[in-house]
Structure formats: C-alpha cells, structure tokens
Amino acid sequence: LGGEISALIQSSDIKGKLNEVSVLYTRGAIPAARVLVVGLGKAEEFTLDQVRNAATMPGILEASIAMPDAHWGYGLPVGGVVAFDPEEGVVSPGAVGYDIGCGVRLMRTRLTRAEVGPKVEALADALYHEVPCGVGSTGTVRLAPGELNKVLREGARWAVGKGMGTAGDLDHCEEAGVLEGAEPGAVSEGAKGRGRDQLGTLGSGNHFLEVQEVDRIYDEAGARALGLEPGAVTVMIHCGSRGLGHQVCTDHVRDVSRKLSGWGIGLPDRQLACAPLRSPEAAAYLGAMRAAANFAWANRQVIAEEVRRAFERTLLRSHERLGLTLVYDVAHNIAKLERHETTAGVVRGLVHRKGATRAFPAGHPDVPAAYRAVGQPVLVPGDMGRYSFVLVGRPGAMRHAFGSTCHGAGRRMSRTQAVRETKGRDLVAELRERGVAVRYEGRDTLREETSEAYKDVADVVRVVEGADLAKRVARLRPFLVVKG
C-alpha cells in the first residue's frame with residue numbers, strides 16, 4: 001500500500017506491517033478491530049492490544065477502530081473510536097477520556113503574515129498575558145453562585161450571552177457549542193470546585209494557542225467555503241474542560257468500576273470500565289459528561305474573546321476590521337448518540353470518540369449550513385515546529401469509522417523520553433530559527449512538546465485521505481505559539 005490505505009480490509013488475524021501502516025483484526029465472532037497506524041514503534045505495539053480489548057466490550061457495533069494518530073491511552077487508545085448499541089451496549093468514561101470535550105477551534109483573519117510580522121513579539125506577549133496557561137492556571141471570569149450550573153447547561157451559548165462572541169460563532173461549532181441533556185447535578189462538588197475559576201484558560205500538556213499562516217491550498221472550492229486564503233493569518237486554539245472534566249472522569253470511572261461484577265461484565269482491561277446504557281450509572285455519567293463538554297465549549301469561546309482582545313490591543317484595530325471570525329470548533333473527546341448505517345441497518349448508537357474528530361461529509365444534515373456543500377471542517381493540529389491541516393469530511397468516514405477521523409499528529413515519544421532526548425538543547429532558539437516565536441509555562445513544557453515527539457502529521461493525513469475519511473483543504477504553518 002506504500003504507506004497509504006485506500007480501503008479497509010477485514011480478516012481474522014494480524015495481516016502484518018505494510019511500510020508505515022499496520023492493520024489488525026481480532027479472531028473469532030467478536031467485532032473486528034480496524035487499525036490505521038502511522039509510524040508504529042515496537043514499544044507502542046500494546047496500543048494494538050488496547051484496540052483489540054475494546055472490541056470485546058458489550059454491545060459494540062461493527063468494530064473497535066483506531067486512527068492513524070493512535071497511541072496508548074487510558075483503556076482505549078488516544079485516536080480510538082467505538083460505538084455501542086442503545087439497548088445492549090455500554091458507556092465507558094475511559095473511552096471518552098479525562099479531558100472531556102477537549103477540541104480545536106480555528107479562527108481566520110483578513111491579515112497577512114507580512115502585516116503582523118513587525119508586531120509578532122508584541123502579539124505573543126499580549127496573547128500570553130490575555131490567555132492564562134499552565135498547570136492550575138485561573139482565568140479572569142468570576143462566576144456568581146449558581147452561574148457555573150448555567151455554564152454546564154448552556155456551553156458556548158452562555159459565553160455569547162455574556163457578550164463574549166456572537167450568535168454567528170455558535171453557527172460554526174459542532175452541536176452549536178452545547179450538548180443537550182447536560183445534568184449539572186451529576187457533576188460532583190469536587191469537580192465544580194476544580195473548574196470554577198478556570199474558564200478562559202489553556203491549561204497544560206499538549207494544549208496550545210497558535211497564530212499561523214495559510215501556506216498551501218489543496219482544494220480551492222473548499223478553501224473558499226471556509227474563508228481561507230493563501231497567506232492569510234489564522235488562530236488555532238486547542239484545549240478542553242480543564243480540572244472539571246478530569247474530575248468528572250475520575251469520579252465516574254471509580255463508580256462504574258465497583259459495579260462491573262454486579263452487571264456481569266468481564267473485561268480484559270479494567271480501564272475500560274463501563275456501565276450498561278440502561279443503568280442509572282450510565283445516565284449519571286452521560287449527564288455529567290455532557291456538562292463537562294459544555295464547559296469545554298464555553299472555555300474555548302471565552303479564550304476566543306481573549307484572543308480578540310490581544311489582537312485589538314496589539315494591532316490597534318477592532319476585531320471586526322481585522323476579520324477575526326470563527327471558522328469552526330470541533331471536539332475530540334466526547335460520546336454522542338448519532339444515527340449511523342451498520343451491517344444490521346440504521347442504528348442510533350452511542351459513538352465514543354477519544355482523540356478522534358467528527359468528519360461528516362457534504363450533504364449531511366448535521367453539517368452547518370455554511371459548509372454543507374463541501375463537508376464538515378476537520379481541524380488536525382500537527383506540532384509547534386511544522387504545520388497543521390484543515391480538511392473536510394468525506395463519505396468514507398461514514399462507511400468505515402462512524403463519521404470520524406484523526407484529531408492530530410499523535411505522539412511517538414513519551415513526555416519523559418522527549419525531555420531526555422532534548423536535554424541540553426535551546427528549543428526556544430531552534431524555534432526562532434524556524435520563524436516561530438514562543439511563550440510558555442512550565443520548566444519542561446517545550447521539551448515534552450518538541451516536534452520530534454510527534455509523528456509527522458502530513459503522513460497521518462495521507463492515510464486519512466487514502467481511506468476516504470477526510471480530504472485536505474489547506475495547510476497552516478505556525479509562526480507564534482503559546483504553550484501551557
């Protein structure tokens with residue numbers, strides 16, 4: 001296959017490695033495990049075991065699926081997709097992930113890099129000042145008693161109602177920036193306490209804010225529909241639900257883990273702990289998960305307003321004159337009830353996407369009207385020294401992966417290994433030589449997130465295109481990065 005997959009093939013065992021791509025399938029009558037993995041190293045092969053383990057979960061539909069950016073995670077690998085029958089299936093907090101609702105938001109501008117160039121350092125300082133980042137960072141939004149519950153119910157809609165953005169922003173978010181059915185009462189006081197002061201903050205780890213240049217167009221019609229022009233400046237935001245979402249996952253993993261034997265559920269890995277969808281425990285988790293996802297959408301909406309302030313302050317023009325508007329916002333740690341075609345017919349299943357992004361094709365009714373002719377925007381960050389991609393969903397995503405695709409480059413080194421292998425190097429100077437200004441929190445942040453710690457996202461995207469999950473529209477090259 002020459003490193004690219006043009007179709008998914010089912011079989012009864014491991015078919016072997018074909019250049020950079022591995023394909024794994026389980027034995028016996030249980031559903032298959034479909035795996036597209038780029039650059040799989042020997043130390044990472046247990047990622048395949050996690051995909052296979054997930055294929056044994058009760059009520060799974062079709063297959064346990066891993067994307068080309070897949071790497072080891074809690075229970076289900078990051079880059080994993082599983083869907084469950086609404087009657088016989090389950091919900092698994094670990095298969096959604098700890099950073100519930102984490103996702104990517106892309107904003108466009110009328111600016112060119114040449115216009116921003118003389119003020120890059122000032123803009124970097126302004127963004128670093130306006131958008132708090134790092135472990136335990138707190139934001140400037142102060143919530144009155146009872147206001148946090150409104151955030152958990154209303155998501156990005158709450159922030160827009162407070163003057164942070166416009167109704168047009170909601171039209172360009174997955175689910176219009178809010179999951180219905182959120183239950184703030186299912187979120188523990190401990191989780192609420194962790195999130196109460198964190199609205200409008202990036203957090204740490206792989207979260208970032210980037211200012212980029214559109215340096216290549218692959219699909220002119222798609223780029224026009226998304227408002228992306230060669231040389232234009234864009235802003236990408238990657239973050240999630242902060243401590244609130246992490247605690248929601250912790251609380252509900254603990255709760256369902258204690259009850260597996262009572263439900264008669266046996267699992268090869270207890271990190272896949274799950275609750276039958278008909279159980280009160282499943283209802284409680286789903287209500288809390290939706291609330292945490294809404295917190296994440298509100299968080300990115302608030303950050304977008306902080307970004308607008310930083311640009312206005314630095315460039316001395318209103319964000320309207322700068323054309324600083326939202327292209328799209330999509331989540332990649334979430335579970336949602338969706339209708340999909342399976343071998344058994346159309347099923348409204350519970351789709352878990354953990355480090356995987358929705359990728360609905362042109363014509364799908366859930367794609368925003370502005371993009372329905374070309375398909376849902378798919379935002380795939382790379383690493384801070386190379387490039388990211390904008391794609392649109394393709395029909396193959398519906399056939400092969402419950403309307404899903406990859407969410408990024410995917411790690412190829414652990415954080416510990418990345419720190420060890422970059423010891424003694426001046427990464428700030430290296431990035432400067434590449435034309436990237438950087439601001440960051442945390443002693444080892446840049447080392448943990450160095451470019452070589454990640455797969456080349458161009459390889460990942462090639463596999464995505466070969467499998468017809470999504471189609472490239474544009475490439476974005478960073479020139480200013482803020483890391484947590």
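Student: Why is Cys274 called buried?

Tutor: Happy to explain! In this predicted model, Cys274 has a relative accessible area of 0%. Buried means under 20%, so Cys274 earns the word.

Student: How do you know that Cys274 is in no disulfide?

Tutor: Look at the sulfurs. The nearest cysteine sulfur belongs to Cys249 and is 13 Å away, while a disulfide needs two sulfurs within 2.5 Å. By that rule the structure has 0 disulfides.

Student: And what about Cys406, why is its sulfur not in a bond?

Tutor: Its closest cysteine sulfur, in Cys102, lies 14 Å away, which is too far for a bond.

Student: Let's turn to the rings. What makes the pair of Tyr218 and Phe389 tilted?

Tutor: The ring centres are 6.2 Å apart, and the planes meet at 35°. Pairing asks for centres within 6.5 Å, and planes that are neither under 30 degrees nor over 60 count as tilted, so this pair is tilted.

Student: Why is Tyr218 called partly exposed?

Tutor: Tyr218 has a relative accessible area of 29%. That value falls between the 20% and 50% limits, so partly exposed is the right term. Phe389, at 1%, is buried.

Student: What sits over the ring of Tyr218?

Tutor: The charged end of Arg472, 4.7 Å from the ring centre.

Student: What makes the pair of Tyr328 and Tyr371 edge-to-face?

Tutor: Their planes are 80° apart, with 6.3 Å from centre to centre. Edge-to-face calls for over 60 degrees, so the name fits. Tyr328 lies in strand β12 and Tyr371 in the loop between β15 and β16, so the pair ties together parts 43 residues apart in sequence.

Notes:
Residues numbered from 1 in each chain as written. Predicted model: local features only at pLDDT ≥ 70, side-chain atom pairs only at ≥ 80, totals over all residues. Heavy atoms only, no water. Buried < 20%, exposed > 50% of the residue type's maximum accessible area, 1.4 Å probe, protein only. Phe/Tyr/Trp six-rings, centres within 6.5 Å; stacked < 30°, edge-to-face > 60°. Helix = DSSP H or I, 4+ residues; strand = E, 2+ residues; numbered from the N terminus. Lys NZ or Arg CZ within 6 Å of the ring centre and 35° of its normal.
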